[in-house]
Amino acid sequence: MMNFLEKSKAILFDFWDKPEKSSDDELSNDIDSVRFVVLDTETTGFDYINDRILCIGAIVLQNNMIPIHDSFEVFIQQEHYDQATAKIHGILKEFVIDRPSEFEALQQFLEFLGDSIIIAHHTIFDITMINKALERNGLPELKNRTLDTAVLYKKTLLVSNLLERKESYSLDELADKFDISKKDRHTAMGDAYITAIAFLKILNKLREKKEITLKQLFK
């Protein structure tokens, strides 16, 4: 029987060994048929080198639906603890007793993610934190395409000299704008869910103007 490490290596090899789709091929797909994975990470802080991921939460979005059964959440063993940020995300050092190692958590996440398009709010932070974790474990960085709801939201705004547009919009601002509950805000799964709903609302707004394609979302 294959042991855990051998199984993990086999899964990870399969993940990165998949041939990359051509840009035209992938982006010609209908938006509704594409499998998106909306994710969020809770971390000990904002330092890419010294801080660590505490939890990854992710949900699938496909065909304008969020199947609750098709979700992913993992709390990772804590080697680094920051009391200040713990007050925000609420993840205490002994909050979950049975937590996988960083490598095991990454293996589980990659198996769930597959070749889906990633959606997050301020995507660069979550992706960089995950890529730094992959690097620490001797693994290649993610190849998945990514979309950022903070960027997409600005596409829905009117262009006018009379209206001031901010450089960046927070997830709280999007939740308020689209009347999305913030009950589970600052949890990985809660923020992933808010981001997924916000993405659907953004799509509806963009479709009010004209027919929108997957390729246009990346422009």
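This report describes one covered strand with its pairing partners, and then the charged side chains, of a predicted model.

**Strand 1 and its neighbours**

Strand 1, which spans residues 36-43, is mostly covered, since eight of its eight residues are buried. In a regular strand the side chains alternate between the two faces of the sheet. Here both faces are covered, with Phe36, Val38, Asp40 and Glu42 buried on one side and Val37, Leu39, Thr41 and Thr43 buried on the other.

Strand 1 pairs with strand 2 (residues 53-61) in the antiparallel sense, over eight bridges, and within this pairing glutamate 42 has cysteine 55 of strand 2 as its bridge partner. Strand 1 also pairs with strand 4 (residues 117-120), in this case in the parallel sense and over three bridges; the bridge partner of phenylalanine 36 in strand 4 is isoleucine 117.

**Salt bridges**

Side chains of opposite charge can pair when their charged atoms come close. Across the whole structure, a search finds eight salt bridges, among them the three listed here.

| Acidic residue | Basic residue | N to O distance |
|---|---|---|
| glutamate 102 | arginine 136 | 2.6 Å |
| aspartate 172 | lysine 182 | 4.0 Å |
| aspartate 191 | arginine 185 | 2.8 Å |

The side chains of glutamate 102 and arginine 136 meet in a salt bridge, and this pair links distant parts of the chain, with glutamate 102 in helix 4 (residues 102-113) and arginine 136 in helix 5 (residues 123-136), 34 residues apart. Glutamate 102 has a relative accessible area of 17% and is therefore buried, the cut-off for this class being under 20%, whereas arginine 136, at 32%, is partly exposed.

The salt bridge between lysine 182 and aspartate 172 likewise links distant parts of the chain, as lysine 182 lies in the loop between helix 7 and helix 8 (188-209) and aspartate 172 lies in helix 7, ten residues apart. Lysine 182 is partly exposed, with a relative accessible area of 34%, and aspartate 172, at 25% relative accessibility, also counts as partly exposed. In the salt bridge of aspartate 191 with arginine 185, both residues are buried.

These last two pairs belong to a network of salt bridges that links Asp172, Asp176, Lys182, Arg185 and Asp191.

**A positive surface patch**

Lys155, Arg165, Lys177, Lys205, Lys209, Lys210, Lys215 and Lys219 form a positive surface patch. One of these residues, lysine 177, lies in helix 7, which covers residues 171-177, and aspartate 172 of the salt-bridge network is also placed in helix 7.

Definitions and conventions: Residues numbered from 1 in each chain as written. Predicted model: local features only at pLDDT ≥ 70, side-chain atom pairs only at ≥ 80, totals over all residues. Heavy atoms only, no water. Buried < 20%, exposed > 50% of the residue type's maximum accessible area, 1.4 Å probe, protein only. Helix = DSSP H or I, 4+ residues; strand = E, 2+ residues; numbered from the N terminus. Pairing = 2+ DSSP bridges. Patch = residues over 30% accessible without salt bridge, like charges linked within 9 Å, V, L, I, M, F, W, Y side chains within 5 Å. Areas by Shrake-Rupley, 256 points an atom, 1.4 Å probe, with all protein chains shown as cover. Lys, Arg positive; Asp, Glu negative; His and termini not counted. Charge placed at Lys NZ, Arg CZ, Asp CG, Glu CD.
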